[in-house]
Amino acid sequence: MTEERPPLRAVIADDQALVRTGFKMILAADGIEVAAEAADGAEAVAAVRRTRPDVVLMDIRMPVMDGIEATRRILGGDGSSETRVIILTTYDLDQYVYAALTAGASGFLLKDVTPEHLVSALRLVQSGDALLAPTITRRLIERFAQHDEPQTVTPHRDLSGLTPRELEVLRLLATGLSNAELASRLFLSPTTVKSHVGRILSKLDLRDRVQAVVFAYETGLIAPGGGAQGLADH
């Protein structure tokens, strides 16, 4: 007999009470517990430290402390946080979303998301997957990464620890290929590809595929505007 998993727990951070109430009703209807609500980033950080939720729905533009800084504080420090952050935004190519992804967020949702998509997104991120398709992440990064100051890569997150095959997988992953497409391109089984991706994330101390795409651009493994030649967006 399998042990029943505890219910997913979430924190909703948005400065609009109506938005928080609407999301809370949607989540509660699907058995997701809303552990706390926050009207600004500082409240969100405090709520996460107090309740230790699985996922935070984080608005970007809030008073006192914005969602980007709140995300950094929640996911920063000693790196022991198991909480995942999903960014809420009005525009899917907002430069602030890019900043939030580099801060460690696992993806983003538009505020007009359907109830079904909202629920499935939280469950997907809780399971350890990234919310965004790499093609969408790549499109976002290509628009904004080249305008940001170069990032400094810390020694424990350079590329020297990867095998040639893992470098190849990371390069292709960053151009927008799914696991199935990676398997087809490299003549590998989907299980083998999944193992390669898992080892890459572990070696580079990355949370998910979204962070792997960001990392590939920041290290210069993929150049904005040049890494996806010959690839069509899905």
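# A walk from salt bridges to the core

Let's begin with a charged pair: Glu37 and Arg20 join their side chains in a salt bridge, with N and O 3.1 Å apart. This contact ties together distant parts of the chain, since Glu37 belongs to strand 2 and Arg20 to helix 1 (residues 17-29), 17 residues apart. Please keep in mind along the way that this is a predicted model. The two partners sit in unlike surroundings: Glu37 is partly exposed because its relative accessibility is 33%, whereas Arg20, at 13%, falls under the 20% limit and so counts as buried.

How many salt bridges does the structure hold? There are eleven, and two others deserve a stop on our tour. Asp59 forms one with Lys111, their closest N and O atoms lying 3.3 Å apart. Here again distant parts of the chain are linked: Asp59 is in strand 3, while Lys111 is in the loop between strand 5 (108-110) and helix 5 (115-126), 52 residues apart. Asp59 is buried, because its relative accessible area is 5%; Lys111 has 25% relative accessibility and therefore counts as partly exposed.

The other pair is Lys203 and Glu166, whose side chains meet in a salt bridge at 2.8 Å, N to O. This one connects helix 9 (residues 190-204), home of Lys203, to helix 7 (residues 164-174), home of Glu166, across 37 residues of sequence. Lys203 is partly exposed, given its relative accessible area of 37%, and Glu166 is buried because its relative accessibility is 2%. Shared partners also build a network of salt bridges, which joins Asp14, Asp59 and Lys111.

Asp59 brings us back to strand 3, so let's look at the surroundings of that strand. Strand 3 is mostly covered, with five of its five residues buried. In a regular strand, side chains alternate between the two faces of the sheet. Which residues of strand 3 point one way, and which the other? Val55, Leu57 and Asp59 point one way, Val56 and Met58 point the other way, and all are buried.

Strand 3 has partners in strand 1 and strand 4. With strand 1 the pairing is parallel and runs over four bridges; Val11 has Val56 of strand 3 as its bridge partner. With strand 4 the pairing is also parallel, this time through five bridges, and Leu57 has Ile86 of strand 4 as its bridge partner.

Now for the nonpolar interior. In soluble globular proteins, nonpolar side chains tend to be buried together. The largest nonpolar core in this model has 27 residues, and Met58, Ile74, Val85 and Ile87 are those with the most contacts inside it. Among the elements that give two or more residues to this core are strand 1 (9-13), strand 2 (33-38), strand 3 (55-59) and strand 4 (84-89), along with helix 2, helix 3 (67-75), helix 4 (95-102) and helix 10 (209-218). A second, separate core has 23 residues, including Ala174, Leu182, Val213 and Ala216. Back in the largest core, what does Val85 touch, leaving aside residues up to four places away in sequence? The residues are Val56, Met58, Thr71, Ile74, Leu75, Ala105, Ser106 and Gly107.

Helix 2 (residues 41-51) is worth a closer look at Thr51. Because its relative accessibility is 15%, Thr51 counts as buried. Its side chain reaches the backbone oxygen of Ala47 at 2.7 Å. Beyond residues up to four places away in sequence, Thr51 touches Arg9, Val11, Ala35 and Ala36.

Our last stop is helix 8 (residues 179-186), where the buried residues are Leu182, Ala183 and Leu186. Why do these residues lie on the same side of helix 8? They cover an arc of only 100 degrees around the axis, which puts them on the same side. On the other side of helix 8, Ala180 and Ser184 are exposed. The buried residues of this helix pack against helix 7, helix 9 and helix 10. Just after helix 8 comes Phe187, which takes a positive phi of about 55 degrees.

Notes. Residues are numbered from 1 along each chain as its sequence is written. This is a predicted model: local features need pLDDT of at least 70, side-chain atom pairs count only at pLDDT 80 or more; totals for chains, interfaces and linings use all residues. Side-chain values use heavy atoms; hydrogens and water are left out. Buried means under 20% relative accessible area, exposed over 50%, partly exposed in between (1.4 Å probe, protein chains only). A polar contact is a pair of N or O atoms within 3.5 Å; within protein, one must be able to donate a hydrogen and the other to accept it, and residues adjacent in sequence count only if both atoms are side-chain atoms. Contact means heavy atoms within 4.5 Å. A nonpolar core is a set of buried Ala, Val, Leu, Ile, Met, Phe, Trp, Tyr and Cys residues joined through side-chain atoms within 4.5 Å. A salt bridge is a side-chain nitrogen of Lys or Arg within 4 Å of a carboxyl oxygen of Asp or Glu. Two strands pair if DSSP finds at least two bridges between them. The arc is that of the directions from the helix axis to the C-beta atoms.
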